[in-house]
Amino acid sequence: MNLIDFLSDYTLQNVAMGAAILGVVSGVLGSFAVLRRQSLVGDALSHAALPGICLGFLVVGARELGAILTGALATGGLAALTILALTRLSRLKTDAAIGISLSVFFALGVVLLTVIQGRGGASQAGLETFLFGQAAAILRGDLWIMGAITLAALAAVMIFWKEFKLVTFDPVFAQTIGLPVTLLEIALTVMVALAVVVGLQMVGVVLMAAMVIAPAVAARQWTRRLEHMVILAALIGMASGITGALISATARGLATGPLIVLAASAIVVVSILFAPERGVLWEALARVRERRALRGRQVLDTLLQLTRTHADPSYPAEQGMLDTYHGHETRAALERLAARGFVNPARHMPGEGDHWVLTREGLAEAERLDAEISGANR
Amino acid sequence: MQALFDNPALMIVATGLLVGTAAALIGPFLVLRQNAMLSDAISHSIVFGIVTVWLLTGIASGPVQIAGAALTGVLTVFLTEALARSGRVKDDAAIGLVFPMLFSAGVLLLNLYARDVHIDAHAVLLGEIGFVWLDTIEVAGYQMPQALVWMGAMTLVNAAFVTLFWKELKLATFDPVLAQAFGLRPRLLFYALLFLTSGTAVAAFDAVGAILFIAFVIVPPATAYLLTDRLVTMVLIGIGVAAVSSIAGYFLAVAWDVSIGGMMALMTGVCLVLACLFGPRYGLVAGLQRRARQALENEARALVVHLATHERTEDRAEENVATAMRTHLGWTNERARQVLLRGLDHGLVLREGEMLRLTDKGRAEAEALLQPWLYEAGRPVT
């Protein structure tokens with residue numbers, strides 16, 4: 001199959017569009033969830049969608065996406081309320097409340113799944129694709145539903161941008177200026193449930209949490225501004241969604257959800273390692289640079305002190321002595337200083353080690369640093 | 001004897017009981033340390049371990065598989081902690097990043113290499129506790145279900161660990177800093193606990209699957225936490241809740257012809273709701289009753305103070321009568337009746353026709369309230 005065929009394939013178009021929609025909505029709404037430290041609530045909401053899917057099916061009696069997603073949204077919301085109620089009304093802590101809500105709702109879903117199986121009918125097989133996602137099962141009509149939910153969610157984010165931002169970063173201040181904080185927090189949680197619902201067909205209930213978390217975490221590494229983070233998370237979500245969905249649609253028998261999650265995870269790993277400023281590699285490099293600069297300054301200062309004690313501005317210092325004095329090799333530092341024109345190799349007796357002498361620029365620089373240090377100490 | 005092991009119903013319930021007991025031995029420490037969600041991470045990511053061990057060695061049960069696959073659980077926790085400690089990702093997001101990655105890898109490996117084995121994607125989620133009695137192994141001359149044998153072994157290991165390190169676990173749970181200062185290595189202990197959690201998850205995998213296991217780890221101990229303040233009692237109640245859930249879950253599932261594992265997990269949820277509502281000390285109903293009783297007590301105090309202030313005044317005939325409780329204190333008829341009954345029951349007030357008169361006890365209580373500096377714990381200071 002050549003590229004043109006590939007791109008004009010009807011199923012693939014559906015899959016790619018579905019994945020793109022999913023990526024955008026989970027990236028944008030996930031950003032708020034991650035920043036508000038509600039990542040695992042997303043996990044509970046996605047597992048809790050299972051009983052809703054089954055209920056939707058049982059009520060309508062067919063695999064109709066509208067009913068199924070409504071059911072999923074309802075039980076997801078109920079799970080969120082359960083978490084809230086357990087933490088507010090009982091002595092249980094958040095982690096236990098999330099775990100209880102997740103596992104008990106999922107158990108209910110498993111029970112309902114067997115109820116549907118017990119009733120027979122070929123259509124029941126379709127429900128199991130909601131566990132791990134089946135991109136190829138997406139229809140053009142489904143895209144309209146997913147798209148409408150996404151548009152509604154994005155519109156809400158744009159309208160209430162300022163409020164959501166404030167509640168995310170400083171809920172106490174938001175409260176004092178009279179914003180309805182509880183209402184806004186509930187709205188943000190419901191929106192996570194919306195993202196979960198949009199992703200159910202592609203990623204499935206078990207892994208949808210990862211799609212809420214991963215793009216947002218990856219985006220966070222690259223920027224400090226919420227605006228940029230949200231947009232970047234949407235793009236990362238889209239990229240991983242499309243990658244995973246296309247691989248799954250072309251290779252037979254691979255579940256879509258795990259592929260999308262692995263694609264998103266790969267982006268997270270890359271972001272954590274290589275992002276500028278926050279990246280692990282960036283930080284390691286910065287540390288090396290800093291250590292080098294520090295060693296250069298230390299050696300320069302030692303040379304200055306030696307010229308002072310010997311009252312000789314061109315006192316040649318032996319490298320071995322510098323090594324011993326500093327407790328580590330100084331050749332690399334001296335060569336870097338030489339490259340900057342601060343020191344020169346000095347002539348020495350045969351059989352002795354290398355000697356170094358400060359240049360005029362080196363002396364000036366060392367004096368300047370020395371003044372800086374004693375200035376700071378005063 | 002063999003007849004016992006050939007009885008499917010008994011074997012299923014016994015397996016459920018063992019899963020519940022093994023999980024309830026460990027769960028309390030996770031719940032108390034506020035690490036309950038680590039069980040979520042572990043139970044998902046052992047799927048990767050189970051598949052990897054199976055692909056590498058062809059072993060799908062037994063101690064090697066349990067220990068090998070359990071390493072993935074520990075790896076998950078280790079990666080999560082490393083990620084959180086790097087400061088780039090908050091700890092909750094770190095959990096939510098690591099386990100989906102390992103779980104996805106596990107599911108994909110299943111899709112690729114293991115289409116025909118019993119660990120298919122369906123079993124990953126739901127478990128097959130209804131069929132545990134089919135897969136047997138010979139132990140001491142008897143044919144026993146594999147799941148039962150390995151769950152039994154895991155339960156014994158957990159029980160031994162918790163009993164041997166009881167003091168250390170207790171201290172490390174409630175005061176990790178002090179435990180560290182005593183040289184008890186709380187982190188090592190914690191990792192050992194998580195290793196056992198992972199092993200239990202692996203052993204329980206065939207029976208209840210990856211996700212329902214979370215219910216067995218978290219919900220019974222959480223239920224127990226609502227009922228008691230003592231760690232021993234908490235562990236024991238947790239085991240009791242797990243047992244009740246397994247048995248009730250089995251019979252309900254058979255009656256309604258639904259998933260047995262799912263029903264058992266759901267029953268733990270029912271127990272939790274009951275404890276939440278009707279727990280003697282922390283239950284919602286008990287809390288409401290306590291608040292109502294306190295409100296009544298407060299109003300009884302208001303009544304004695306009211307009577308005491310007007311006792312020697314001229315408007316006594318107008319103030320110290322039953323109707324004044326409605327007109328002056330603003331209570332409804334019903335409320336006034338309750339308060340008055342309480343006052344009479346506790347010997348604070350006497351009724352003489354329409355007049356209400358304080359007893360000595362009632363007068364003392366009113367004075368203790370009006371001049372608290374003369375009293376200490378309700379008794380006059382001498």
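In what order do the three strands of the open sheet in chain A run, and is the pairing parallel or antiparallel? The order is 1-3-2, and the pairing is antiparallel, where strands are DSSP runs of E with at least two residues, helices are runs of H or I with at least four, both numbered from the N terminus, and two strands pair if DSSP finds at least two bridges between them.

Before I go on, please keep in mind that this is a predicted model, in which local features need pLDDT of at least 70 and side-chain atom pairs count only at pLDDT 80 or more, while totals for chains, interfaces and linings use all residues. Residues are numbered from 1 along each chain as its sequence is written, and chains are lettered from A and ligands numbered from 1 in the order in which they are written.

To stay with that sheet, strand 1 (317-318) and strand 2 (343-346) of chain A are its edge strands, each pairing on one side only. Strand 2 of chain A is joined by four bridges to strand 3 (residues 355-358) of chain A, antiparallel to it, and A:Ala346 stands opposite A:His355 of strand 3.

Let me turn to chain B, whose secondary structure comes to 17 helices and six strands. Its C-alpha trace spans about 95 × 50 × 35 Å along the principal axes, and its radius of gyration is 30 Å, whereas a compact globule of 382 residues would have one near 21 Å; that radius is taken over C-alpha atoms, and the globule rule is 2.2 Å times the number of residues to the power 0.38. Of the 382 residues in chain B, 47% are buried, which is to say that 20 or more other C-beta atoms, placed from the backbone, lie within 10 Å of their own, with exposed meaning 12 or fewer and partly exposed in between.

In chain B there is also a hairpin, in which strand 1 (residues 136-139) and strand 2 (residues 142-145) run antiparallel and are joined by four bridges. B:Glu138 stands opposite B:Gln143, and B:Ala140 in this hairpin, which has two residues between the strands, takes a positive phi near 50°.

Helix 7 (residues 146-164) of chain B has 19 residues, which at 1.5 Å a residue should span 27 Å, and its end C-alpha atoms are indeed 27 Å apart; the expected span is 1.5 Å times one less than the number of residues. Its buried residues, including B:Trp150 and B:Met151, pack against helix 2 (8-32), helix 4 (63-85), strand 1, strand 2 and helix 10 of chain B.

What about the nonpolar core, meaning a set of buried Ala, Val, Leu, Ile, Met, Phe, Trp, Tyr and Cys residues joined through C-beta atoms within 7 Å? The largest has 210 residues, of which A:Val192, B:Leu97, B:Met151 and B:Phe213 touch the most other members, and helix 10 (residues 186-225) of chain B gives the most to this core, with 25 residues.

Finally, the two chains meet: 50 residues of chain A are in contact with 49 residues of chain B, contact meaning C-beta atoms, placed from the backbone, within 7 Å. Helix 5 of chain A supplies the largest share of the side of chain A that touches chain B, 16 residues.

I will close with B:Gln34, in the loop between helix 2 and helix 3 (36-57) of chain B, where phi is near 60°, a positive value in a residue other than glycine. B:Gln34 counts as exposed because it has 12 C-beta neighbours inside 10 Å.

Definitions and conventions: Core = buried A, V, L, I, M, F, W, Y, C linked by C-beta atoms within 7 Å.
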